[in-house]
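Colleague: I'm new to this one. Could you walk me through it?

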Amino acid sequence: MKFQGSDQYVATQDLMLAVNAAVTLQRPLLVKGEPGTGKTMLAEEVARALGLPLLQWHIKSTTKAQQGLYEYDAVSRLRDSQLAGADSERVRDIRNYIVRGVLWQAFTSDEPTALLIDEIDKADIEFPNDLLRELDRMEFYVYETRELVKARHRPIVFITSNNEKDLPDAFLRRCFFHYIKFPDADTMRSIVDVHFPGLKKELLGAALKTFYDVRNLPGLKKKPSTSELLDWLKLLVAEDIPLEALQSQDDKVAVPPLVGALLKNEQDVTLFEKLVFMQRHNR
Ligand SMILES: Nc1ncnc2c1ncn2[C@@H]1O[C@H](COP(=O)(O)OP(=O)(O)O)[C@@H](O)[C@H]1O
Ligand SMILES: [Mg+2]
């Protein structure tokens with residue numbers, strides 16, 4: 001079971017190494033990186049490449065660790081007891097009101113699975129610590145029913161973070177870590193190629209130049225990401241924008257078309273227009 005990238009996902013050598021290391025160590029793979037660098041997609045692609053079903057848990061600011069294990073649905077039980085009476089068979093058995101979370105599903109699945117805990121840094125600071133033991137031992141206790149849920153197969157765990165919060169040391173110690181660096185121009189070319197196989201070389205070259213120029217603007221509030229570049233290219237192709245619109249001609253340098261796909265706030269757009277204006281004057 002070795003991950004080698006896929007026809008839809010460009011994985012660099014060090015990323016493939018990291019995935020395989022985490023699998024070998026049987027530790028969660030913690031993937032960090034700017035938004036849009038393919039963290040979520042990595043889990044999907046590894047699962048696909050290894051033929052494992054992927055269980056996904058998308059974390060929000062209100063998500064609690066317990067929800068990944070199970071929840072006791074007291075409201076339904078109360079309602080049922082009002083409708084059917086507290087003595088009804090269904091109401092008496094508390095197991096009917098235990099809702100299984102993703103970890104439980106992964107642990108008790110018949111076949112090995114992959115498990116994605118996406119954007120763990122969105123949750124509060126206690127969240128990672130609350131999952132330490134469960135991810136380490138691959139088991140947890142259900143107090144309501146007094147049963148121990150033990151993993152039949154150790155899932156391959158992916159944990160992603162956009163780096164909004166630092167994660168606790170004890171948690172980090174148990175993970176294999178990989179930072180997805182922002183792709184260089186060559187890697188980006190391969191990524192674009194996966195999405196737009198027939199794209200004209202000249203158009204791609206010009207678009208990439210603009211894209212990296214924008215990213216390198218000092219003082220930019222939000223750098224455009226891979227997915228934004230892909231959006232932009234899609235528009236350029238759909239609108240049939242000519243190459244000349246992207247290349248700066250000698251006499252005039254214009255702001256590239258549809259730059260709203262790349263820059264998402266007015267300060268950044270202004271900054272970019274200034275740069276274009278200065279380039280024009282320096283000629
Ligand atoms: N290495 C890559 N190979 C192919 N497509 C990629 C790659 N990295 C990013 N993408 C594209 O960017 C999009 C955003 O990726 P995503 O996994 O959602 O990023 P993240 O989870 O890091 O924010 C993907 O849907 C895919 O289209
Ligand atoms: Mg993501």
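**Talking through the model**

Modeller: Let's start with one residue. Arg146 has 7 C-beta neighbours inside 10 Å, so Arg146 counts as exposed. Keep in mind that this is a predicted model.

Colleague: Okay, and where in the fold is Arg146 placed?

Modeller: Arg146 sits in the loop between E6 and E7. Those two strands make a hairpin, with four residues between them.

Colleague: What is the phi of Arg146?

Modeller: Phi is near 55° there, which is a positive value in a residue other than glycine.

Colleague: And in which sense do strands E6 and E7 pair?

Modeller: Antiparallel, over four bridges, with E6 covering residues 139–142 and E7 covering residues 147–150. To pick out one bridge, Val142 is partnered with Glu147 in E7.

Colleague: What about Lys150, is it buried or exposed?

Modeller: Exposed. Lys150 has 11 C-beta neighbours inside 10 Å, and that is why it gets that label. Lys150 is part of strand E7.

Colleague: Which residues is Lys150 in contact with?

Modeller: Leaving aside neighbours within four places in sequence, Lys150 is in contact with Phe107 and Glu139. Glu139 is 11 residues away from Lys150 in sequence, and their C-alpha atoms are 4.3 Å apart.

Colleague: Does another residue have a positive phi like that, and where is Asp240 found?

Modeller: Asp240 has a phi near 55°, again a positive value in a residue other than glycine. Asp240 is in the loop between H11 and H12. With 6 C-beta neighbours inside 10 Å, Asp240 counts as exposed.

Colleague: Let's zoom out. How many helices and strands are in the protein chain?

Modeller: There are 12 helices and nine strands. The chain's radius of gyration is 24 Å, well over the 19 Å that the globule rule gives for 283 residues, so the chain is more spread out than a compact globule.

Colleague: What box do the C-alpha atoms fill?

Modeller: Roughly 85 × 45 × 35 Å, taken along the principal axes. For a sense of distance inside it, take Gln279 and Lys150: they are 129 residues apart along the chain, and their C-alpha atoms are separated by 63 Å.

Colleague: Where is Gln279 found, then?

Modeller: In helix H12, which runs over residues 266–281. Gln279 has 12 C-beta neighbours inside 10 Å, so Gln279 counts as exposed.

Colleague: We keep hitting exposed residues. What percentage of the chain do buried residues make up?

Modeller: Buried residues make up 25% of the 283 residues.

Colleague: And how many residues does the largest nonpolar core have?

Modeller: It has 38 residues, and those with the most contacts inside it are Leu29, Ala114, Val157 and Phe158. Several elements each supply at least two residues of this core, among them helix H1 (13–25), strand E1 (29–32), strand E5 (114–118) and strand E8 (156–161).

Colleague: Which residues does Val157 touch? I mean, which is it in contact with?

Modeller: Setting aside neighbours within four places in sequence, Val157 is in contact with Pro28, Leu29, Leu115, Ile117 and Leu135. Apart from that largest core lies another core, of 11 residues, including Phe211, Val214, Leu229 and Leu262.

Colleague: How much of the contact map is long-range? I mean, what percentage joins residues at least 24 apart?

Modeller: Among contacts between residues at least 6 apart in sequence, 77% join residues at least 24 apart.

Colleague: Changing topic: how many residues surround ligand 1?

Modeller: 16 residues surround ligand 1, and the closest are Gly38, Lys39, Thr40, Met41 and Ser227. The elements giving two or more residues to that shell are H2, helix H9 (185–195) and helix H11 (226–238).

Colleague: What's the shell like by class?

Modeller: It has seven nonpolar, eight polar and one charged residues.

Colleague: You mentioned H11. Is Thr226 buried or exposed?

Modeller: Buried, because Thr226 has 24 C-beta neighbours inside 10 Å. Thr226 lies in helix H11.

Colleague: Which residues is Thr226 in contact with?

Modeller: Not counting neighbours within four places in sequence, Thr226 is in contact with Gly36, Thr37, Gly38, Pro183 and Ile191. Thr226 and Phe182 are 44 residues apart in sequence, with their C-alpha atoms 8.4 Å apart in space.

How values were computed: Residues numbered from 1 in each chain as written. Chains lettered and ligands numbered in written order. Predicted model: local features only at pLDDT ≥ 70, side-chain atom pairs only at ≥ 80, totals over all residues. Core = buried A, V, L, I, M, F, W, Y, C linked by C-beta atoms within 7 Å. Buried ≥ 20, exposed ≤ 12 C-beta atoms within 10 Å, placed from the backbone. Contact = placed C-beta atoms within 7 Å. Near = placed C-beta within 6 Å. Nonpolar A, V, L, I, M, F, W, Y, C, P; charged D, E, K, R; others polar. Rg over C-alpha atoms; globule rule 2.2 N^0.38 Å. Pairing = 2+ DSSP bridges.
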